[in-house]
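User: I've got a model open and I'd like to know how its descriptions are arrived at. Can you walk me through the reasoning, label by label?

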Amino acid sequence: MTTLSQRCGSGHGCLPRSIATALACRTLYETWPTWRVGMRYPPLMSHAWVQADGQPIGEDPEVIAAYTPTYTVGPEGTSVTTAPAPASQGSASRMTRLAEQLRELGAIRTDSVHHAFATVPRHLFITGFYTGGDAYTRLGDPPGEDLLEQIYSDIALMTHRPSDAAGRPSSASMPRVVARMLEALDLRPGLRVLEIGAGTGYNAALIAAITGADVVSVDVSDVIVAEAAAALQRAGASNAAAYVADGYLGHPERGPYDRIIVTCGITGISPHWLEQLAPGGLILAPVAHAGFHPTLAVTLDGAGRLIGRGVLSSDFMAAGGPLYGRPADQTSPPGEVPADDDLTVWPNTVPALADDRYFDLWFALGAVDPRTTRAYTSGLDAALGMVCLHQPGRGTAWVQRDGAIRFTGHQDLAHQLTALIQQWDSADRPRISDWTIGFALSQAADPLWHPAAWAR
């Protein structure tokens with residue numbers, strides 16, 4: 001599978017270690033994980049590609065650069081001079097409406113998170129985004145009503161691609177995923193937070209509104225950091241700061257932190273984060289598992305052992321460098337599987353599943369069978385799901401939301417997959433949040449704590 005990251009930004013300075021650990025953070029399809037650069041299968045949810053009526057300006061980096069403000073980035077962060085902009089009456093009502101929608105969805109459970117979404121203006125953190133084709137739409141000042149409607153909808157917006165000035169993809173995350181992760185952080189006034197992956201700065205501003213304490217956000221891209229810092233100042237989030245730094249190393253100068261939140265897909269937990277985590281602290285991170293990146297809550301138990309707990313279904317763009325280092329016995333998802341013969345279909349073999357339950361099944365299959373992954377083959381409808389058992393040399397068997405088993409190669413894989421699904425069904429269909437995991441430290445030059453053994 002293509003990794004959505006690059007070693008350094010296009011035409012921009014990189015920190016020495018950043019060359020090896022560039023972060024490609026956030027994704028357009030966090031809840032509906034299907035799309036990857038270089039792969040032919042379509043997105044699961046067509047609404048993720050937002051349509052905008054603004055004036056498109058193409059994808060040429062030079063053209064985009066002409067629309068991008070220039071900021072000065074120093075080793076201690078970014079300093080800009082911009083007066084905070086109050087929310088207009090129209091945007092204020094949209095913020096309130098979005099907060100109410102997220103509460104109705106169950107993504108927001110607490111008044112503090114609701115208040116943050118109702119008072120932090122999302123539009124101040126988005127200067128433009130990519131639309132359904134290769135066009136880039138730049139927001140006016142103020143944005144038009146049609147663009148505000150999209151910004152305050154429950155959709156992700158792709159703000160950068162590898163071909164533009166940032167040198168890597170980045171997005172404004174889907175609000176429901178942001179809300180669920182903030183609820184899982186269990187934020188309270190006074191808690192200090194480190195964010196790995198700056199994105200637009202919106203997430204840091206929401207956290208700052210909840211805690212009233214320092215929020216430190218780091219990213220390897222000076223362009224992304226500059227934009228996030230400018231947006232934070234526009235929004236008046238004076239207790240949040242963005243820094244150009246290597247996410248693998250964290251930011252020890254401003255630690256310790258009560259919470260660490262990661263907004264890019266990783267394969268394990270950096271030991272440096274543990275050194276910067278305050279006693280009783282929590283790390284929330286999308287960790288690679290069975291071909292996607294479900295979010296885990298990671299803590300240290302009384303014996304100093306690292307323990308993870310499943311929190312929610314999500315999928316984020318993969319980090320580069322050590323943060324996406326794999327154990328020697330683990331391979332990358334295959335991406336597209338060649339079809340040696342026609343795709344065989346066994347309809348109505350297992351119960352049909354809605355989205356949340358399908359991801360619960362996906363997670364459970366990955367916990368009990370290491371062959372579980374995500375893959376595509378010609379003739380497979382990716383919108384119905386792509387979790388599968390894949391065994392090189394024997395074939396691939398998929399289970400999809402409609403209850404069908406589809407496979408190429410030997411049918412024994414289809415039988416094995418059916419049996420695993422029946423076991424999950426007989427066990428009362430455990431959810432992602434029912435699983436816990438221990439961790440083992442890798443022996444790599446830049447080690448990670450990798451998930452080691454799932455249990456429930």
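Analyst: Sure, and keep in mind that this is a predicted model. A good place to start is the surroundings of helix α9: its buried residues are covered by elements including β12 (295-300), β16 (372-376), β17 (387-391), β18 (395-399), α10 and β21 (449-455).

User: What makes α9 "mostly covered"?

Analyst: The count does. A residue is buried when its relative accessible area is under 20%, and 11 of the 14 residues in α9 are buried. They are R357, Y358, F359, D360, L361, W362, F363, A364, L365, G366 and A367.

User: How do you know that the length of α9 agrees with what a helix should span?

Analyst: Set the two values side by side. With 14 residues at 1.5 Å a residue, α9 should span 20 Å, and its end C-alpha atoms are 20 Å apart, so the two agree.

User: Why are α9 and α10 called roughly perpendicular?

Analyst: Look at the crossing angle. The axes of α9 (residues 355-368) and α10 (residues 412-426) cross at roughly 110 degrees and come within 10 Å. Angles of 65 to 115 degrees count as roughly perpendicular, and α9 and α10 therefore get that label. The crossing is also right-handed.

User: Which residues meet where α9 and α10 touch, and how do they divide into nonpolar, polar and charged?

Analyst: From α9 you have R357, D360, L361, A364, L365 and V368, and they meet L417, L420, I421 and W424 of α10. That contact divides into 8 nonpolar residues, 2 charged and no polar. As for the spacing along a helix, an α-helix has 3.6 residues a turn, so residues three or four places apart point the same way.

User: What makes α7 "largely enclosed"?

Analyst: Same cut-off, under 20% relative accessible area for buried. In α7, 12 of the 13 residues are buried, so the rest of the structure largely encloses this helix. The buried set is D222, V223, I224, V225, A226, E227, A228, A229, A230, A231, L232 and R234.

User: How far does α7 reach, and what is expected?

Analyst: Helix α7 (residues 222-234) reaches 18 Å from its first C-alpha to its last, close to the expected 18 Å. After α7 comes G236, with a positive phi near 75 degrees.

User: Which residues other than glycine have a positive phi?

Analyst: D186 is one of them, with phi near 55 degrees. D186 sits in the loop between α5 (175-185) and β7 (193-196). Another is D428, at about 65 degrees, in the loop between α10 and β20 (436-441).

User: Why is D186 called partly exposed, and is D428 buried or exposed?

Analyst: The cut-offs settle both: under 20% is buried, over 50% is exposed, and in between is partly exposed. D186 has a relative accessible area of 40%, so D186 is partly exposed. D428 comes out at 70%, so D428 is exposed.

User: What makes the bond between G255 and P256 a cis peptide bond?

Analyst: Its omega, which is about 0 degrees. P256 belongs to the loop between β9 (240-244) and β10 (257-262).

User: And for the protein overall, how many helices and strands are there, and what percentage of the residues count as buried?

Analyst: There are 10 helices and 21 strands. Of the 456 residues, 57% count as buried. Among contacts between residues at least 6 apart in sequence, 65% join residues at least 24 apart.

Note on methods: Residues numbered from 1 in each chain as written. Predicted model: local features only at pLDDT ≥ 70, side-chain atom pairs only at ≥ 80, totals over all residues. Heavy atoms only, no water. Axes fitted to C-alpha atoms, helices over the stretch in contact; angles between N-to-C directions. Helix = DSSP H or I, 4+ residues; strand = E, 2+ residues; numbered from the N terminus. Parallel < 35°, antiparallel > 145°, perpendicular 65-115°, else oblique. Left-handed = near helix turned anticlockwise from the far one by under 90°. Contact = heavy atoms within 4.5 Å. Nonpolar A, V, L, I, M, F, W, Y, C, P; charged D, E, K, R; others polar. Expected span 1.5 Å × (residues − 1). Buried < 20%, exposed > 50% of the residue type's maximum accessible area, 1.4 Å probe, protein only.
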